[in-house]
Amino acid sequence: MDLLIADAYNKKLHRSLAAFKPQEILDFQIIEDGDEWKPKWQAQMQQLCLDMGDDLQSMNIQKVPYKFKYVFKDSDNKKRSMMVEDWEIGQLYWNCLKSSNNDREEAIKKVKQRCFDDLAKTKDLYFFLGTTFQWHQRKARNPFVIIGLFYPSKETQARLF
């Protein structure tokens, strides 16, 4: 992970995308984030609607009221946490909310079960990482976020032969 971060700030490389294999997944955190968009984002969406000849109400773009993070150890055995910004996790939340009859607590339990108990514990989980302009410009300790997940089945050596 340290090498990826260094490559992101390397003036010749400017690495902004990577596939990353965590050494060990320690946790999956779900953090409350409120139901409403920030005023700045509301203004940006309103401008997008004007550009498209639509109105914000008819587009019905709902904000996911949680942030999602994986906590893991990297190959240097450093503990890290990284935000998941993949659109699929938002859709997973909405699907879980619907199947839970709009019970938020039940929905987030289902999201954690899928992302931690299933993907992190039973699959060979990789992260697709991308940098964000905002954090890259600020020279953040880590400009990367998780923009996608890849989770093939775990294959044991005995099954391969």
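Among contacts in the protein between residues at least 6 apart in sequence, what percentage join residues at least 24 apart? The figure is 67%. Keep that number in mind as we walk through this structure, which is a predicted model.

Let's start with the overall inventory. The protein has 7 helices and 6 strands, and reading along the sequence gives the pattern α-β-β-α-α-β-β-α-α-β-α-β-α. Of its 161 residues, 32% are buried. The accessible surface comes to about 10,900 Å², and carbon and sulfur atoms account for 50% of that area.

Now to the strands. As general background, the strands of a sheet pair through backbone hydrogen bonds, and they do so in either a parallel or an antiparallel way. Here, three of the strands form an open sheet in the order E2-E3-E4, with antiparallel pairing. Strand E2 (24-32) and strand E4 (79-83) stand at the edges with a single partner strand each, so one side of each has no neighbour in the sheet. From one strand to the next, the twist averages 25 degrees.

Take a look at the contact between E3 and E4 in this sheet. Strand E3 covers residues 66-73, and 5 bridges join it to E4, the two running antiparallel. If you would like a residue to anchor your view, pick Val71, which stands opposite Ser81 in E4. Helix H5, residues 104-122, lies across E2 and E3, and it runs at about 165 degrees to E2.

The remaining pairings to visit involve strand E5. Strand E1 (residues 17-20) pairs with strand E5 (residues 126-131) in the antiparallel sense over 4 bridges; here Ala19 has Phe128 in E5 as its bridge partner. E5 also pairs with strand E6 (residues 144-150), again in the antiparallel sense, this time over 6 bridges. In that pairing, Phe127 has Leu149 in E6 as its bridge partner.

Let's finish by zooming in on a single residue. Asp118 has its place in helix H5, the helix that lies across E2 and E3. Is Asp118 buried or exposed? Its relative accessibility is 16%, and the cut-off for buried is under 20%, so Asp118 counts as buried. Leaving aside neighbours within four places in sequence, Asp118 is in contact with Gln113 and Lys123. You can also check Asp118 against Tyr151: these residues are 33 apart along the chain, and their C-alpha atoms are separated by 9.9 Å.

Definitions and conventions: Residues are numbered from 1 along each chain as its sequence is written. This is a predicted model: local features need pLDDT of at least 70, side-chain atom pairs count only at pLDDT 80 or more; totals for chains, interfaces and linings use all residues. Side-chain values use heavy atoms; hydrogens and water are left out. Two strands pair if DSSP finds at least two bridges between them. Axes are lines fitted to C-alpha atoms, for helices over the stretch in contact, and angles run from 0 to 180 degrees between N-to-C directions. Contact means heavy atoms within 4.5 Å. Buried means under 20% relative accessible area, exposed over 50%, partly exposed in between (1.4 Å probe, protein chains only). Accessible areas come from the Shrake-Rupley method with a 1.4 Å probe; for residues, only the protein chains shown count as cover.
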